Amino acid sequence: MTSVTASDAIETFRDEVRRWAARIGVEAREIRVRAMKRKWASASTAGRLTFNEELLGQRQERRAEVIVHELVHLKVGNHGPLSGIWSGLTSERAGVRLSFLNPGMS
Ligand SMILES: [Zn+2]
């Protein structure tokens, strides 16, 4: 993904992630987009989010689900009970349906 069109799409996607982050009240220090084989996205404890480039072609609801899931990980790093509570609060606030049982997210 090196064309101008692709980098525009990535920048638009980054803006989308930043808007969700502001809505949820977390800060994503770094937002990366790259090819990933088995996952939609991942979050590092240092606040770096990495998204599968294939997500850019998914429908808006799917993107929101993955983005918000990863943003919750900036608050709760694992899939334990606290992530379930946070997920519930966040999905209510953000108006999206979240599932921490969804495969392909970490
Ligand atoms: Zn997760």
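What percentage of the 106 residues in the protein chain is buried? I looked this up first. Buried residues make up 25% of the chain. I keep in mind that this is a predicted model.

**Overall layout**

I counted the elements next. The protein chain has three helices and three strands. I read their order from the N terminus as α-β-β-β-α-α. Then I checked the contacts between residues at least 6 apart in sequence. Of these, 46% join residues at least 24 apart.

**The sheet**

I turned to the strands. Three of them form an open sheet, ordered 1-3-2, with mixed pairing. I noted strand 1 (30-34) and strand 2 (41-43) as the edge strands, each pairing on one side only. From one strand to the next, the twist averages 15°.

How do strand 1 and strand 3 run, parallel or antiparallel? I find them parallel, joined by five bridges, with strand 3 covering residues 48-52. I also located the partner of Arg 34: this residue stands opposite Asn 52 in strand 3.

I then followed the side chains along strand 1. In a regular strand, side chains alternate between the two faces of the sheet. Strand 1 shows such alternation. Ile 31 and Val 33 point to one face and are buried. Glu 30, Arg 32 and Arg 34 point to the other face and are not buried.

**Helix 2**

I took the span of helix 2 (residues 60-72). Its 13 residues reach 18 Å from first C-alpha to last, close to the 18 Å expected at 1.5 Å a residue. I listed its buried residues as well. They are Arg 63, Glu 65, Val 66, Ile 67, Val 68, His 69, Glu 70, Leu 71 and Val 72.

**The core**

In soluble globular proteins, nonpolar side chains tend to be buried together. I looked for such a cluster here. The largest nonpolar core has 17 residues. I picked out those with the most contacts inside it: Val 17, Trp 20, Ala 28, Leu 49, Ile 67, Val 68 and Leu 71. Helix 1, strand 1, strand 2, strand 3 and helix 2 each give two or more residues to this core. Which element gives the largest share? I find that helix 2 does, with five residues.

**Two residues up close**

I chose Ile 67 from helix 2. Why does Ile 67 count as buried? I found 27 other C-beta atoms within 10 Å, and the call needs 20 or more, so Ile 67 is buried. I checked what this residue touches, leaving out residues up to four places away in sequence. Ile 67 touches Glu 16, Val 17 and Trp 20. I also took a distance to Thr 50, 17 residues away along the chain: the C-alpha atoms of Ile 67 and Thr 50 are separated by 9.8 Å.

I set Arg 18 beside it. Arg 18 lies in helix 1 (residues 4-24). I counted 14 C-beta neighbours inside 10 Å for Arg 18. Exposed would need 12 or fewer and buried 20 or more, so Arg 18 counts as partly exposed. Last, I looked up Arg 18 and Arg 29. They are eleven residues apart in sequence and 9.9 Å apart in space, C-alpha to C-alpha.

Conventions. Residues numbered from 1 in each chain as written. Predicted model: local features only at pLDDT ≥ 70, side-chain atom pairs only at ≥ 80, totals over all residues. Pairing = 2+ DSSP bridges. Helix = DSSP H or I, 4+ residues; strand = E, 2+ residues; numbered from the N terminus. Axes fitted to C-alpha atoms, helices over the stretch in contact; angles between N-to-C directions. Expected span 1.5 Å × (residues − 1). Core = buried A, V, L, I, M, F, W, Y, C linked by C-beta atoms within 7 Å. Contact = placed C-beta atoms within 7 Å.
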